[in-house]
Every structure is written in structure tokens, then in C-alpha cells.
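Please keep the model open in a viewer while reading, with a selection command ready. The stops below go from the whole chain to single residues and then to empty space.

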Amino acid sequence: MKLNKTKQITKSIQLVLLLLLMFCADLYGQETSIHISPFGNDQYKGTEKKPVASIERAKQLVKEIMMKQVHYDTIRVIFQEGTYRLSKGIILDADASGTKKSPIIYQSNKGEKVIISGAIPIKDYSMLSNNHFLYKKAPEIGSKIIEIDLTKTGLSEFNKIRLSGFGGQNTPAPYTLRELYFNGKPMPLSRWPNNGYSKFTHTVTDSLAMMEKTGIVYEDVHISGWKTEPNILLHGYWKYLWADAYEQVSEIDTNQHIMWLTPPYNHYNFSKNKPFAAYNVISEIDEPGEWAYDYQKKKIYFYPPGDITNGALELSVCETPLLQINNAEWITIKGIQFQMGAENGISINNSSQINIVDCEINGFVGEGIKMNNGHKNTISSCHIYDMGRGAIRVAGGNRETLERADFIIDNCHLHDVSRIDRTYTPGIWVDGVGTTVKHSKIHDIPSSAMRINGNDHIIEYNEMFKVVTESDDQGAIDMWGDPTYRGNVFRYNYIYDVGPVGQDKINAHTGRAGMRFDDAISGSLVYSNIFKNCAGGLFGAIQIHGGNHNLIWNNLFYQCSAGISFTSWSQDHWTNYTKKSLEFFEKNRFLFISRYPELLEIYEDLNMNSIIQNVFIECTQTTLRMPDVTVFKQNLEMDMDKEIPNLEEGGYSLKNINEAVNKIKFESIPFEKIGLRKK
């Protein structure tokens, strides 16, 4: 009898506990949803059937929930299907923050396509008049060109276009550009020549003018026909073939063949006989897709690449990032497409625990995502393309304290970027301390795939190809200029087909590499990467320029003209060049040596690097200019027999040469794990 009572009491306790657990789950585990629709109404309460119309109203409802809730919910702001057009970007600030127990998620409705756009549709246009000079010049082309009157779009400002480029201006300033889109793709400004570049002979100055001005002297008399053009831009590699910049033409002297430029000029100024191309020349619209802007007549002229009557024609007007997150925490943006803006796509500043997940970002003048400061932010499974500059640029952590940012860039597909500013606008740019970049696919970029600055970054399992297709003196992964950048690890990356595709537009003086450690980069660990066809000019697949204590270990070099190249520095050059970096080091000496003990020898072993346990297959040369102090051991150099299949097809398993590979204790590279994760 007592036993039965005990069982009953036990069951009662279990039932009470179960009810308590259900109550707690109800109290602490519920979600609150606010719905937004292009067809909503801000007088509604934001339910699924009665959504609000604006993000501002949704933010207000989020604040009300956060203020009065006594339990902890995930708050979801759900965008219902449709296109949300913005003339000014969304701003989420500290007041819009979530908490660890109440994170806020802005997301698309499940299975629905949500687009946040910075563009307006263009419906009102006319075919070019047969009296227009463009029509008379080439009727077969002119009969296809349309004319857009921008005064009918509601725009009120009509200024000259001014762009920057890597070199920037002596007084750099951010720029915006209203771009034309056809069927979701940014259309190119008219370009002359259509392919390749022209050259100028030299520059001249006019010191008698009210403001001293510079002009470039041209030889091609075709340029004289542009005398009445209102807004010509010249894009050129004016001094170095790794630094592009834009100049604005103020007037053309057809007698002396001088194009006078509008100051300020590019940072590096000019050398003789450098390549340039002209943009936004109305009379040079001769290729499908080209357009030009006439700020004086407030018109755009466009040569459609397809049927304009059934195509979507849009113009970007939002001159701020489409989304800004400032001084906020615990916010996730998920499953939303951001497109067609006249500035950057997403800007994140001084914010932590921010997640950008499964978003598509395309068609912006600037960067796709730009993130400064903060902690534990993640960009994952995003598709970013058609950027005027780079795809992702992040800066976080503190180099004076070596505090980590703990940023993660994961499983992102980045391509067709750097289409306006074409150098030093890589797929990913990392500054600071403690960012991880992994499982990403990066390709079709005239500049680098990655630019890595700072300490304790991990770059792993990434696939990079068809990069550095235009710029000179670059690497697919590029580092530059500071021997105190330490703790960086590059592992399990696949880098291939680096350099020009087809005919070279810029004849490199120096070269292109798979990985370039430029100007004293030291102490990096490079292991278990695959380099295929990614060396050119004076560079090997890895180029070390003046650095030391880099360890190149257990990598596979395949079909490269050279495996590893070196540029040695003298002691005087090292001392002079690194002066500023070493002042920083001495200021933080104890911290840096305790983290990186090898820095005890930072002033020693000049040009000494270690090349250990690597495999070089079908490489024309294993090394270039290797210093005597290099540690070069346990490396395997060989050509493949004709009977052995293509290594790539076999997943770089090296099964057919196991005996030779085993002798140097080469560890297999997990090729199947490299790149985007399989869905």
C-alpha cells in the first residue's frame, strides 16, 4: 500500500514538473512576429493578415514589445513577398537592438522572394530622334537608342559624375553614382576604346590659369571629336599598373591635342605613356548595353541590349547604404535580397552579434557589405556580385591590445566585383585582429580575391579563380607592408587560373601570384593549399617580397610557371621601410612577444623563410631568386607521366605517386571540403 502511494506521489511530482516545463517553455521560448508588406498599412498591428507598410512602423512595434515584455522572446520582423523601394536606406541603431535572450530577426517570409531596392523603375522614355547627332552618325545604331528625360523621374539634382579609383584624390571623398539597370544587371557607361586602352604621350601644366591645371597630351585625333561632350571621365593607370584612378575632363584643346583635367588629381599623379580609357562619352555609345548621362540636358541615352518593351529598366537613386546598423546588438538579417543602390549595400558600424545570413546583394556602386568595429559578427551563405568596388570589407579587433573581433565570413559566393574601381577592391578585405574567412567561392575579379591586413586571421577552405585578371603586381591573396602582422594562417585553400583571361589588357611589368606577401610581410603560416596555374611574370605562385620567418609547408604546386619567388631586401632597406611598424612593435613589445615569441628575432634572419615538405608537379621552375638563407628541405619536384590522369579530376589525391609523397611525409589535402558547402 505504501509503495502504491509512493508511486502516486512520484507521478504527481512528474506531472507538476512537466506542467512547469511546459509553462516555462511558453514563458521563455515563444516568438513574436511583426509582418511588413508592400501593400500593408501602418495603421495595422503588423499581423500576418494585417501587415504594416514601413520598416519605421515595424521598428516602433519592436520597441513597444521590448519595453513591455516580461519574458524572453525571439522577435521576428517578417517581410512578405514583394519589392520595397527606398530613396533613403533603413537605419537600425542602438534603440533597435535585441538582447541575447531576445534577439531580433529581420527576414523574408518562408518561401517568398523579398527585394529591398534602391532603384526606381523607368517607364517614360522615347526613341532617339532622327535629328539627333547620334542617329545621324550611325542610323543603324541610333534607331535603337532610347532617350530618358530625368526630370520626369522626380529627381531634382543633376551634377557631373565624378569617380575615384584606387589612387583616390588628394582630398579623397566618397562618391555616389546613379546607375542604369536592365533586367537587374548594371549597364556599363559608354567606353572608348571598346576594348583595351589608349595611351597619352605626356602631361602639361598651365600655371597662368586662375588655378594651376594639368592636362594630358593625346595623339589619337579621334578624341578631338569630343570637344562639346559635357562630362567625360578618363579611367587610367596613370603612374603604376596596380593603381587605377578616374580623372574628369574640364575641356579639350583640339589645336594642341590636350585634355585638361579637373582638380584634384589622382594621388600618384602621372607618368608618360600610360593606359587610359574614356567613359560617359555620348558620341561613343556604340555597343549594346552602353549608356551616357548628360547633366546639362538632364537626360540619359541608352542602347538596350535586348527588347526594351519587355525588359525592366531601372535607375538607382538611393545614395545611402540600403541598410545601416549602427551601435546595435543581437540583430539578424536573413533571406533578403538587397539590390541597385548608388552607394554601399549594407553598412555595419560599432555593432556586435550581428548576423547577415542567406542574403543576396547585387548591383551597387560601392561595397556589398562594409563592417567596422564590433564583436562576433557573421556574414554567412551570402551571394554578392556586380559590385562597383569589393564584395565584403571588414575591420575589427584592436592591434594595440590584440583583442579579437571574432568576425566570421562563411560559405559566401562572391564574383564580378571591382567593375568601377578596379584595383585594391578585392572580393574580401580584412583589417584588424581575429577574422575567419572560410568555405567561400571567389572569382571573376580584376583585382585580388582577398586582401588581408593585421593579426590572427584564419583563411581556410576557400576556392579562388579568375582573379587578378587586370591589375599588375598583385596576388589572389594579398598582404602588404607590416612585419608585425603575425599569427595569420592560410590553409586548405584552392587557388587557380590567376591572371588575365584571354588577351592581356594591361601588360604586367611585375607579375601576378596566387599569394603575395609584399613589402616585409613575415611570420605567416601557409600549409596544405593547392596552387594551380597561378604564377606569372616575375612572380611564382607564392611571392615573398622582403619578408622573413614565413613557413610554406605541405602545399601542392601544380602547373605553375614557378612555385615560389623571392625578392630579397638589404638591411638598410629593411630598416628604413619598417621604421614605423617597428616603432609600433616597440611600443607594444611585451604583448607582441608573449603572443608571438618569434618576434624576439624580428631584427634578425633577414630574408630567411622556410619551404618544407611541399610537392611541385609540372612546374617550369620550382623557385625564383631564392636567397641562400632560405630553409628548403623535404620538397618533392616531379613531372607527371602521360598515363597518370589530370590531378584535378582525381581530387588532387596524389594516389598514383603515394610512394614518393610518403617519403617526404606529405599530408593529404581535403580537397572535397574546399569551397562552398554542399547543400
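What follows is a tour of selections, each with a note on what is there.

This is a predicted model, in which local features need pLDDT of at least 70 and side-chain atom pairs count only at pLDDT 80 or more, while totals for chains, interfaces and linings use all residues. Residues are numbered from 1 along each chain as its sequence is written, and side-chain values use heavy atoms, with hydrogens and water left out.

**Whole chain**

Select the whole chain and colour it by secondary structure: there are eight helices and 54 strands, where helices (H or I, at least four residues) and strands (E, at least two) are DSSP runs numbered from the N terminus. Along the principal axes, the C-alpha atoms fill a box of roughly 115 × 70 × 60 Å. The radius of gyration is 29 Å, which agrees with the value near 26 Å for a compact globule of 679 residues; this radius is taken over C-alpha atoms, and the globule rule is 2.2 Å times the number of residues to the power 0.38.

Switch to a surface to see about 30,000 Å² of exposed area, 50% of it supplied by carbon and sulfur atoms, as computed by the Shrake-Rupley method with a 1.4 Å probe. Of the 679 residues, 57% count as buried, meaning under 20% relative accessible area, whereas exposed means over 50% and partly exposed lies in between (1.4 Å probe, protein chains only). Among contacts with a separation of 6 or more, 69% are between residues 24 or more positions apart, a contact being heavy atoms within 4.5 Å.

**Single residues**

Select His35 in strand β1 (residues 31-36), which is buried because its relative accessible area is 7%. Leaving aside residues up to four places away in sequence, His35 touches Gly46, Thr47, Glu48, Pro51, Val52, Ile78 and Gln80.

Next, show the backbone at Trp192 and Pro193, where the peptide bond is cis with omega near -10 degrees; Pro193 sits in the loop between β12 (191-192) and β13 (198-206). Another cis peptide bond joins Pro263 and Pro264, with omega about 0 degrees, and Pro264 belongs to the loop between β17 (258-261) and β18 (275-279).

Then select Trp330, which is not a glycine yet has a positive phi of about 55 degrees. Trp330 lies in strand β23 (residues 329-334) and counts as partly exposed, at 24% relative accessibility. Lys376, also not a glycine, has a positive phi of about 55 degrees; this lysine is in the loop between β27 (369-375) and β28 (378-380) and is partly exposed at 40% relative accessibility.

**Pocket and cavities**

On a 1 Å grid over the protein atoms alone, a cavity is a set of points where a 1.4 Å probe fits but cannot get out, a pocket is an open set with protein on both sides within 12 Å along at least five of seven lines, and lining residues have an atom within 4 Å of a point.

The largest pocket holds about 990 Å³ of space. To centre the view there, select Pro188, Tyr279, Arg419, Arg422 and Lys505, the closest to its centre of the 35 lining residues. Strands β11 (185-186) and β35 (441-445) are the elements that give two or more residues to this lining.

Finally, there are four cavities of 30 Å³ or more, and the largest cavity has about 60 Å³ of space. Its lining consists of Ile55, Phe79, Ile90, Leu92, Tyr106, Ile116, Leu323, Ile333, Ile336 and Phe338.

Terms used:
Grid points are joined across faces, edges and corners, and a volume is the space filled by probe spheres set on the points.
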